[in-house]
Amino acid sequence: ASTTEAAMQVEENKASTESKKLPVTVLSGFLGAGKTTLLKNILQNKQNLKVAVIVNDMAPLNIDAKEVAGAKLIRQEEKMVAMQNGCICCTLRGDLLERVKELSDEQKYDYLLIESTGISEPLPVAQTFVMNVDEMTEADEEEGEGEGDENEEQKAMEEDKQNDREKKTGEDEEEKEDDAEEDEGEQKSLMHYARLDTMVTVVDSSTIFQVLQSIEALTDSDMGGASDEDDRTVCNLMIDQIEFANVILLNKCDLLGGEDSDKMKKVEKLVKKLNPKAKVYKTTKSDIELAKILDTKLFDMEKAQTSAGWIQELLKPEHTPETEEYGVSSFIFRSKRPFHPTRLSNIINGFGELEKKLESQKTRTTASPPKKIKKNVEHLFAGVLRSKGQIWLANAKDFPMDFHSAGKQLSIEPTGAPFLHAVGEEHWDEDEKKGVADMKEKGRWDSVYGDRFSELVCIGIDMDKKAMVDELNNACLTDKEFEAGAEAWRDYEDAFFEGEVKQYFEFAGFEDDEEGEDEHAGHNHA
């Protein structure tokens, strides 16, 4: 009984500590989507909520201080949260931490809303709130990784500092300096002061299809803030912001004929397909009940990382046939045969070119008299607005390729790790052994080629799924090509990697794998 009571007390203490943290909503969305209007609505709320808002730019809000009594508005420079090239390791600049700590310690605000920059990806932003970086050294923060010796030296230095502090007595100024040093060295993580509650993305419904068809780079857009090294497109960023959100506001419904118009329903269906786990609300002028975006308790990091529609499709035991509404649908392609690189290259150039598909449809509907028309492969995949998966290329026998498209932007890149079959059973760890056993049980392990297979999810509009699956199958090796064996595939034309594909044909072992693992060449289509 005492053990049970102790466990219950621990849980109560955790709940009490968590309840004292300042709940936070992070707001994402493109310039012009309606973020500023939403912020203004929140600050002017009539529900007596005391809300603190950290924004990137004060000027556009243009709010009279009298109108937001009880709220607090803080301007925060973009540099306060800086990412290491967008990777998981992030550097927390002191000002943001200090601001959040101050607001939390004041205990006078019910809620904190942070406007991320228009070019921010939600995942790294979320990680700044859930990662514990208290133990990270300066080197960790600057480079994302630290050496063991440096960690030991850091610990020794901290111990020396602590011993010095304990020896000091007397003067008030010395005590203040010691306290300041202690405060600076402790609790660097936002997770100690704030609880990430909701990730909200605001989408301009009237322009979503234009963005999804765009190949414009962030550096060329009017969004601002992108570095010269940033190679993302506006389309990629929009999909990232949609796929990671807990709540999505489809704003500017009025520009598409209202919430119940077919155009608006088509947008809603597509967004729900891209992120089936999110709560989706249709709005005009970003007008929404605050309870739907504040203190929702919806955010869960583990769930958020698997919320994307393509992941949800792959998690299903098998793809369930669906009723197509407004032309929005998805399908999964699976094959245990590798793709012929040349034939695959011939069909992927038309991915995401929705305007061409629409033009093709108009041409067919105006033709007279109607004739039986042969499928146009160039336009067949034009309706695919999102695809993701892993494929097996015949001339890259031992390494799977990551297949990824957002709108017209498509890339095929090595995943970095070889197929387990190529590694060899003697090198598998326990998790990998369990994974192989699971594949064998489900019939996904081949007696000759092991875990080599292709699995691809496509989400889009007005897709002829049967014809697309047939074409993908035609791009795989024929019976004769497959039976010729792997050595015959080695010299297939390199359609994607400019002559570098041979390094992915055969896994050479682990001796030289440490260097250059993340420097593989990739193939991009735009």
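**Exercise 1. How many helices and how many strands does the secondary structure of the protein chain come to?**

Solution. Begin with the basis of the model: it is predicted, so local features need pLDDT of at least 70 and side-chain atom pairs count only at pLDDT 80 or more, while totals for chains, interfaces and linings use all residues. Residues are numbered from 1 along each chain as its sequence is written, and side-chain values use heavy atoms, with hydrogens and water left out. Helices (H or I, at least four residues) and strands (E, at least two) are taken as DSSP runs, numbered from the N terminus. The chain then comes to 20 helices and 15 strands.

**Exercise 2. Describe the surroundings of strand E6, residues 111-115.**

Solution. Step one is burial, where buried means under 20% relative accessible area, exposed over 50%, and partly exposed in between, with a 1.4 Å probe and protein chains only. Five of the five residues of E6 are buried; Tyr111, Leu113 and Glu115 point one way from the strand, whereas Leu112 and Ile114 point the other way.

Step two is pairing, for which DSSP must find at least two bridges between two strands. Strand E1 (residues 22-29) pairs with E6 in the parallel sense over four bridges, and within that pairing Val26 has Ile114 as its bridge partner. Strand E2 (residues 51-55) also pairs with E6 in the parallel sense over four bridges, with Ala52 standing opposite Leu112.

**Exercise 3. Is Gln210 buried, partly exposed or exposed, and where is it found?**

Solution. Gln210 is found in helix H8, residues 208-212. Gln210 counts as partly exposed because its relative accessibility is 49%. Its C-alpha atom is separated by 9.5 Å from that of Leu354, although the two residues are 144 apart along the chain.

**Exercise 4. Which residues touch the most other members of the largest nonpolar core?**

Solution. A nonpolar core is a set of buried Ala, Val, Leu, Ile, Met, Phe, Trp, Tyr and Cys residues joined through side-chain atoms within 4.5 Å. The largest core has 39 residues, of which Phe339, Leu344, Ile348, Leu393 and Ile412 touch the most other members. Helix H18 (residues 465-475) gives the most to this core, with four residues. Apart from it lies another core, of 32 residues, including Phe209, Val211, Leu385 and Ile461.

**Exercise 5. What percentage of the 526 residues in the protein chain is buried?**

Solution. Buried residues make up 46% of the chain.
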